[in-house]
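Trainee: I am new to this structure and would like to go through it slowly, one question at a time. Could we begin once it is in front of us?

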Amino acid sequence: MRGGRSGVHFTRESTLNMKLIQISKTGGPEEMVLVDAPVPTPGPNQALIKVGAAGVNFIDVYFRIGLYKADLPFTPGNEGAGTIEAVGPGVTDFGPGDRVAWGMFRGSYAEYVVVPTSQLVKLPEEVDFKTGAGALLQGMTAHYLSHSSFPLKAGDKCLVHAAAGGAGRLLVQMAKMRGATVYGTAGTDEKAAIAKSGGADEVIVYTRQDFVAEVKNLTGGKGVDVVYDSVGASTFLKGLDIIRPRGMMVLFGQSSGAVPPFDPSLLNQKGSLFMTRPSLAHHCLTREELTWRAGDVLGWIAAGKLELRIDKTYPLADAAQAHRDLEGRKTAGKLLLVP
Ligand code: NDP
């Protein structure tokens with residue numbers, strides 16, 4: 001790696017190479033190719049991190065297929081954890097040897113990555129790299145959904161779709177922490193058991209049960225206060241039928257496809273409903289907000305109050321298989337890549 005630019009902490013010369021996943025053309029999983037590249041140099045307010053593990057998320061798929069735009073070529077992966085090797089000029093709050101994690105900076109499918117320190121949080125001693133790498137993106141999402149989009153309180157009732165999924169199962173647990181009654185949906189009986197083990201009060205297998213009828217039944221016809229929907233196309237419209245008057249639809253993903261345009265007067269017809277389509281970035285706008293959410297998530301994991309279920313770990317070279325499994329509805333929890 002190059003020395004000189006970053007000053008005191010940079011000691012080695014610039015000849016180190018590393019492996020990373022590169023996408024030169026958007027498309028299928030096969031477009032993710034393992035290549036050699038020079039280890040980068042951290043610039044001002046950045047840190048060079050040796051990646052311990054990288055989290056795999058649906059957002060990586062959206063960048064890979066070109067639904068979300070990135071300049072080509074690029075390295076996917078918004079989430080990871082590892083050890084700081086070097087810091088750039090101006091960095092005072094982090095240093096070499098620090099164990100850190102991030103959930104909102106692209107380039108994690110690599111042996112080394114440079115991340116702005118504004119995106120980093122220190123890992124508690126109790127949290128290893130695999131858990132740290134998988135906790136922040138979906139964990140902070142579950143946090144803002146349950147604490148900010150619709151701040152749940154004791155006695156509220158909510159429906160969480162894909163409740164055995166990465167974001168879903170963390171949301172189930174946080175909703176229970178806030179005292180809500182939690183109904184979940186899952187694609188198979190096995191996934192339903194995984195959602196239940198996260199604390200869901202009832203889980204509906206929505207591939208064979210009608211979740212609208214089931215939720216009406218469970219709520220005595222009244223409906224839930226909020227639906228948290230990450231599934232999108234196949235669930236969104238039906239979800240509007242089981243929200244109480246003036247309740248909220250929180251559509252935060254589209255694992256089954258995008259929701260088609262609809263007439264806003266539908267929200268009136270269904271009971272003066274509120275609707276939001278939020279994203280994590282808009283809920284971590286300041287360093288204070290980021291450290292609040294990340295601190296809660298990592299603190300709860302360290303204290304054993306929140307369980308991150310790691311479904312499968314793949315070598316970095318098998319990133320394509322991880323994407324196939326995620327898109328193929330085969331997973332229940334976190335997928336990780338280990339360089
Ligand atoms: P999940 O672990 O939830 O995986 C997706 C799950 O969706 C599947 O396992 C499956 O569960 C369910 N699903 C239902 N229909 C389909 C289908 N046709 N194809 C594939 N999956 C389907 O993934 P993530 O937790 O990583 O993400 C879930 C969604 O949340 C994504 O759309 C993601 O972009 C979004 N998200 C949004 C964020 C935000 O801030 N807005 C942040 C984080 C994630 P089952 O078989 O049980 O139905």
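Trainee: What does the accessible surface of the chain come to, and what share of it belongs to carbon and sulfur atoms?

Mentor: Please keep in mind that this is a predicted model, and that the values we discuss are computed from it. The accessible surface of the chain comes to about 14200 Å². The share of that surface belonging to carbon and sulfur atoms is 51%.

Trainee: How does the radius of gyration of the chain stand against the globule rule?

Mentor: The chain has nine helices and 15 strands. For 339 residues the globule rule gives 20 Å, and the value for this chain is close to that, so the chain is as compact as a globular protein of that length. Along its principal axes the C-alpha trace spans about 70 × 40 × 35 Å, and the radius of gyration is 21 Å.

Trainee: Into which domains is the chain divided, and what separation lies between their centres?

Mentor: The chain is divided into domain 1 (4-135 + 285-338) and domain 2 (153-277). The contact between them takes 15 residues from domain 1 and 16 residues from domain 2. Taken over C-alpha atoms, the separation of the two centres is 30 Å.

Trainee: Which helix gives the most to the largest nonpolar core?

Mentor: That core has 53 residues, and those touching the most other members are Met140, Leu152, Cys158, Val160, Val226 and Tyr228. It draws at least three residues from each of domain 1 (4-135 + 285-338) and domain 2 (153-277). The element that gives the most to this core, with eight residues, is helix α2 (residues 129-149).

Trainee: How many residues are in the other core that lies apart from it?

Mentor: Among the members of this other core are Ile21, Ile23, Val87 and Ala320. In soluble globular proteins, nonpolar side chains tend to be buried together. The number of residues in this other core is 30.

Trainee: Is Cys158 buried or exposed, and what is its relative accessible area?

Mentor: The cut-off for buried is under 20% relative accessible area. Cys284, with a relative accessible area of 10%, is buried because its value lies under that cut-off. Cys158 is buried for the corresponding reason, with a relative accessible area of 0%.

Trainee: How many disulfides does the structure hold?

Mentor: A disulfide is a covalent bond between the sulfur atoms of two cysteines. As for this structure, the number of disulfides is zero.

Definitions and conventions: Residues numbered from 1 in each chain as written. Predicted model: local features only at pLDDT ≥ 70, side-chain atom pairs only at ≥ 80, totals over all residues. Heavy atoms only, no water. Disulfide = S-S within 2.5 Å. Buried < 20%, exposed > 50% of the residue type's maximum accessible area, 1.4 Å probe, protein only. Core = buried A, V, L, I, M, F, W, Y, C linked by side-chain atoms within 4.5 Å. Helix = DSSP H or I, 4+ residues; strand = E, 2+ residues; numbered from the N terminus. Domains from an automatic or database assignment. Rg over C-alpha atoms; globule rule 2.2 N^0.38 Å. Areas by Shrake-Rupley, 256 points an atom, 1.4 Å probe, with all protein chains shown as cover. Contact = heavy atoms within 4.5 Å.
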